[in-house]
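This report goes from the overall fold to a single site. The sequence and the structure come first.

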Amino acid sequence: MAGPERLRALYVLSSSNQLYSGIGRNLFELSARLEGRVAYEFAIDDGDGRNRKLAEEYCERRGIPLHVGRGMRVRDCLDFGNRDLPALLMRGEWDLIECLSWANAATNATALDHADDAVVAYTPHFQPSWTVPMSAREAARIERVHRAVLARADVVFCDSPWERDHLRADVADPERCAFLAVGCTFDDDRPGPVERAPTLLFIGDLAEPRKRFDRVLDVLAKLLERRPDARLVVIGNRSDSAPGVIPRSLRAAIELRGFVPEDELRRAYAESHGLILLSDFEAFGVPILEALARGTPAFLSEQPTTRGLFARYRGAHFCPPDDPEATAAHIAHTFARGRDAIAECLDDRPALRASFDWDGLALLKWQALSSAWFWRRSWSWSA
């Protein structure tokens, strides 16, 4: 059987997805690199203007057809529904339907109802339900739809080895779970200098409690006892409106920058002596990868997802999340090592690139999609 020359694909999105975060970066970088092999069209609702606009800008740049449907609230769902998605799917023009995010109960349920015999690819970016504020009814609805998509999916792309192992039990064939990391643009994410000020960088959405900015503040207080010259730069959604959560004694040591353009974010990585991310849970941790790519050590809470991804790199330092004294001592020791700590981190950059370069990840995704297409066609013909 001849292979697919170019798959016709509909990527089904919700405007509730944070397309300004790692979710959007993964989506945009991989689809751009696959456009010679996959003829993408995108579908999204108009419920959240910010994320819809990001999809519109990307599709306009790449010449990708975008179908914007009427958003609607759906009971017991966190994402917007799309009134026009059923009619779009019933046109049946696609070899492949891609679904995004374990929390897209309304959107993914509609995609599943109208997938027919198309290949279904699913990138859950899974995280436990306790990490997201929601009601018990919402959690139950999301879990049902998530399991249904896993059962139907021809291929499930998992951000980490932990996610792959966790989800395999709910997939019809465990081999359909493929580890596909989030990547980094190494030609743009160039190393910073080896001489750096004792500055820590926190990147995260302060609207998400799981990011545990409170832990970062506790560590900073202990660090300042050892290094009065230490500083913390905070970047991310709502971070410029966070003075109220910062103790007066720490305010002089903290700079709140809010959401910044990409070039400013790159400079912040390259100028920092360390990234600090003490979250309760990270599905992947894009800032960790981007920091390491610039030779910036990362101070992380101990958890299986990030350890499975980054433990082999010397710039990744795993800390006891609720022991600010021990974490501060570790950071102070790294600061004292100066350029040696940065050089050690930079030495791992070739190995990092081999695992997380977008071009290589796009090839892995294409291999999985084309294999799924073969399997689906063989199954359809035998049936």
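The text below covers the whole chain and then one threonine.

The model is predicted. The protein contains 14 helices and 15 strands. For 383 residues, a compact globule would have a radius of gyration near 21 Å, and the 22 Å of the protein agrees with that. The C-alpha trace spans about 70 × 40 × 40 Å along its principal axes.

Whole-protein values are listed here.

| Property | Value |
|---|---|
| Buried residues | 56% of the 383 residues |
| Exposed area | about 16,000 Å² |
| Carbon and sulfur contribution to the exposed area | 49% |
| Contacts joining residues at least 24 apart, among those between residues at least 6 apart in sequence | 70% |

On charge, the protein has 50 positive and 57 negative charges. The mean positions of these two sets are 1 Å apart.

The rest concerns T185. Where is T185 found? T185 is in the loop between β9 and β10; β9 covers 177-179 and β10 covers 199-203. Is T185 buried or exposed? Its relative accessible area is 17%, and the cut-off for a buried residue is under 20%, so T185 counts as buried.

Leaving aside residues up to four places away in sequence, T185 touches E29 and W358. With W358 there is also a polar contact, made between the side chain of T185 and the side chain of W358 at 3.4 Å.

Terms used: Residues are numbered from 1 along each chain as its sequence is written. This is a predicted model: local features need pLDDT of at least 70, side-chain atom pairs count only at pLDDT 80 or more; totals for chains, interfaces and linings use all residues. Side-chain values use heavy atoms; hydrogens and water are left out. Helices (H or I, at least four residues) and strands (E, at least two) are DSSP runs, numbered from the N terminus. The radius of gyration is taken over C-alpha atoms; the globule rule is 2.2 Å times the number of residues to the power 0.38. Buried means under 20% relative accessible area, exposed over 50%, partly exposed in between (1.4 Å probe, protein chains only). Contact means heavy atoms within 4.5 Å. Accessible areas come from the Shrake-Rupley method with a 1.4 Å probe; for residues, only the protein chains shown count as cover. Lys and Arg count as positive and Asp and Glu as negative; His and the chain ends are not counted. The place of a charge is taken as NZ of Lys, CZ of Arg, CG of Asp or CD of Glu. A polar contact is a pair of N or O atoms within 3.5 Å; within protein, one must be able to donate a hydrogen and the other to accept it, and residues adjacent in sequence count only if both atoms are side-chain atoms.
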